[in-house]
Amino acid sequence: MKYGIVVNTGPYTHQASDTAYHFTAAALGKGHEVFRVFFYHDGVNNGTRLGVPPQDDRNLPEKWSSLAQQHDLDLVVCVAAAQRRGLLDADEAKRHGKDADNIAPGFRISGLGQLIEAGIEADRLVVFGD
Amino acid sequence: MATLHTVNKSPFERNALESCLRFTTPGSSVLLIEDGVVGALRNTRLAPRIAQAMENITFYALGPDIRARGLEESRIIDGIRIVDYAGFVDLTAEHDRVQAWL
């Protein structure tokens, strides 16, 4: 089965981003296809590589990056939500005259069309949020 | 066309579960996750409402979230089935669509 996943909360606002991660990992573990994971609203905070959580805390951006690398996942961050929250890739940083970028490996910045496409392409769209 | 409804709020915090139960149709299912698992406990104000709903819909609760809150599975209402994340995935595949009550 082909899945689309929507994540609407950040790692430190609600358990939903953890649930989304565990669900995605379980779906891949069962041999399903994950067409795309779309990070929207505060969910874009899952995509920063500059977070330094304590060693005994889970590091969700790292876990998503590693899952993306293992399974060739498409992790898409909503551009409008990302700009508001200071999540930038190199192109966006340059375009807005910022001195750094912070997007984690495996994530890319794109628009809402990617969410619509995931809704059309996937057999199931599963939403996680607050 | 069966729908899997996911509820992630305690029924004592918000009315997501009660709203959900007003829209479920016979043959659909409700999966309680995150703080939603509190709604699966016996002897609460909501338990009779769930018992009534169980006549035509099936209830599930996410085991890892029950245990993460220190709740014993023995305190869960009889008939509510406990699943893990793999079981959650199976439920989404078995139903035609998933509706999250956020």
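These exercises work through a predicted model with chains A and B.

**Exercise 1. Fold of chain A**

Task: State how many helices and strands chain A has, and give their order from the N terminus.

Solution:
- Start with the count. Chain A holds five helices and five strands.
- Next, read along the chain. From the N terminus, the order is β-α-β-α-β-α-α-β-α-β.

**Exercise 2. Overall dimensions of chain A**

Task: Compare the radius of gyration of chain A with the value for a compact globule.

Solution:
- Take the rule: 2.2 Å times the number of residues to the power 0.38, over C-alpha atoms.
- For 130 residues, a compact globule would come out near 14 Å.
- Chain A has 14 Å, so the two agree.
- Now add the box. Along the principal axes, the C-alpha atoms of chain A fill roughly 40 × 35 × 30 Å.

**Exercise 3. Burial and contact range in chain A**

Task: Find what percentage of the residues in chain A is buried, and what percentage of the contacts between residues at least 6 apart joins residues at least 24 apart.

Solution:
- Fix the burial cut-off: 20 or more other C-beta atoms within 10 Å.
- In chain A, 44% of the 130 residues are buried.
- Turn to the contacts. Consider those in chain A between residues at least 6 apart in sequence; 76% of them join residues at least 24 apart.

**Exercise 4. Two positive phi angles in chain B**

Task: Locate Glu34(B) and Asn43(B), then classify each as buried or exposed.

Solution:
- Glu34(B) is not a glycine, yet its phi is positive, about 50°.
- Asn43(B), also a residue other than glycine, has a positive phi near 60°.
- Place Glu34(B): the loop between strand E2 (29-32) and helix H2 (47-53) of chain B.
- Place Asn43(B): the loop between E2 and H2 of chain B.
- Apply the cut-offs: 20 or more neighbours for buried, 12 or fewer for exposed.
- Glu34(B) has 22 other C-beta atoms within 10 Å, so Glu34(B) is buried.
- Asn43(B) has 7 C-beta neighbours inside 10 Å, so Asn43(B) is exposed.

**Exercise 5. The contact between the chains**

Task: Describe the side of chain B that touches chain A by elements and by residue class.

Solution:
- Count both sides. Chain B gives 13 residues and chain A gives 16 residues.
- Assign elements. Helix H4 (85-94) and strand E5 (97-101) of chain B each supply at least two residues of the side of chain B.
- Find the largest share. H4(B) provides it, with six residues.
- Sort by class. The side of chain B has nine nonpolar, two polar and two charged residues.

Notes
Residues numbered from 1 in each chain as written. Chains lettered and ligands numbered in written order. Predicted model: local features only at pLDDT ≥ 70, side-chain atom pairs only at ≥ 80, totals over all residues. Helix = DSSP H or I, 4+ residues; strand = E, 2+ residues; numbered from the N terminus. Contact = placed C-beta atoms within 7 Å. Nonpolar A, V, L, I, M, F, W, Y, C, P; charged D, E, K, R; others polar.
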